[in-house]
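Open the model in your viewer and keep the selection tool at hand. The tour moves from stop to stop.

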Amino acid sequence: MSRRRLTIAVVVVASLALAPVIYRWAKYPPDTTPEGAYLRIASAIGRQEPEDCFAYLEEEAQHAVFTMLRYGRQAAEKIEQSYPAPARATALERYDAARGATGGPEMWAAVAAERGWLGRLRRDLSGVGHVELAGQRATVITARGTRYSFRRRPNGIWGLTLFTAELEAEARRYARDWQLIQQAADDFERGGSS
């Protein structure tokens, strides 16, 4: 077999192997559509890479996660510096996610796993049945009939709203806890210096 024929054969085989991947990529709707954002969430959950979902949460949910991360890190640092050893280990447990996260996506994945949201998504996600649009809001109705609400973010990407209220409530708890931890740390430091 000549070199030219061998090259053509390799190109044909490679093209046939890559055709389904290229077709799916070309048919994948952009994330500036509710379907595209939903499919990216489903894909991330299916690949067991929940960090990739973070980009498709609505902006308020992302801000809440960053707030939790910031206060969680501050709390953990203060606890490590000021709490006595017996109280330190127990107090730090609450902030394991913030201590282990390198950023918002990892913090989101840890919180979502801890609260069972990933399992819930894994059970409920299916193909897109249809989409209901209402201005800056959209609802993706899956083939199974599950409804997922999205809101258009300022950058044009659609963000899932499902977990926003819980994340915002948790961010407020982290902020309140930070104040209590500061007070407790001050008490431990005053007690230790007397």
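**Stop one: the aromatic rings**

Select Trp 108, Trp 117 and Phe 163: together they form one aromatic cluster. The structure holds seven aromatic pairs. Rings of Phe, Tyr and Trp (its six-membered ring) pair if their centres lie within 6.5 Å.

This is a predicted model, with residues numbered from 1 along each chain as its sequence is written. Local features need pLDDT of at least 70, side-chain atom pairs count only at pLDDT 80 or more, totals for chains, interfaces and linings use all residues, and side-chain values use heavy atoms, leaving out hydrogens and water.

**Helix α7**

Stay with Trp 117 and select α7, residues 117-124. Helices here are DSSP runs (H or I, at least four residues), strands likewise (E, at least two), numbered from the N terminus. Which residues of α7 are buried? Trp 117, Leu 118 and Leu 121 are, with buried meaning under 20% relative accessible area (1.4 Å probe, protein chains only). They lie on the same side of α7, because they cover an arc of only 100° around the axis. That arc is taken from the directions from the helix axis to the C-beta atoms.

**The hairpin**

Next, select strand β1 (residues 128-134) and strand β2 (residues 137-142). They run antiparallel, joined by six bridges. Strands pair if DSSP finds at least two bridges between them. Click His 130: its bridge partner in β2 is Ile 141. Two residues separate the strands of this hairpin. In the turn, Gly 135 has a positive phi of about 65°.

**Confidence**

Finally, colour by pLDDT, the predictor's confidence in each residue, from 0 to 100. The chain averages 89. Helix α1 (residues 3-27) has the lowest mean among the elements, 67. Strand β4 (residues 158-160) has the highest, 97.

Notes
Phe/Tyr/Trp six-rings, centres within 6.5 Å; stacked < 30°, edge-to-face > 60°. Buried < 20%, exposed > 50% of the residue type's maximum accessible area, 1.4 Å probe, protein only.
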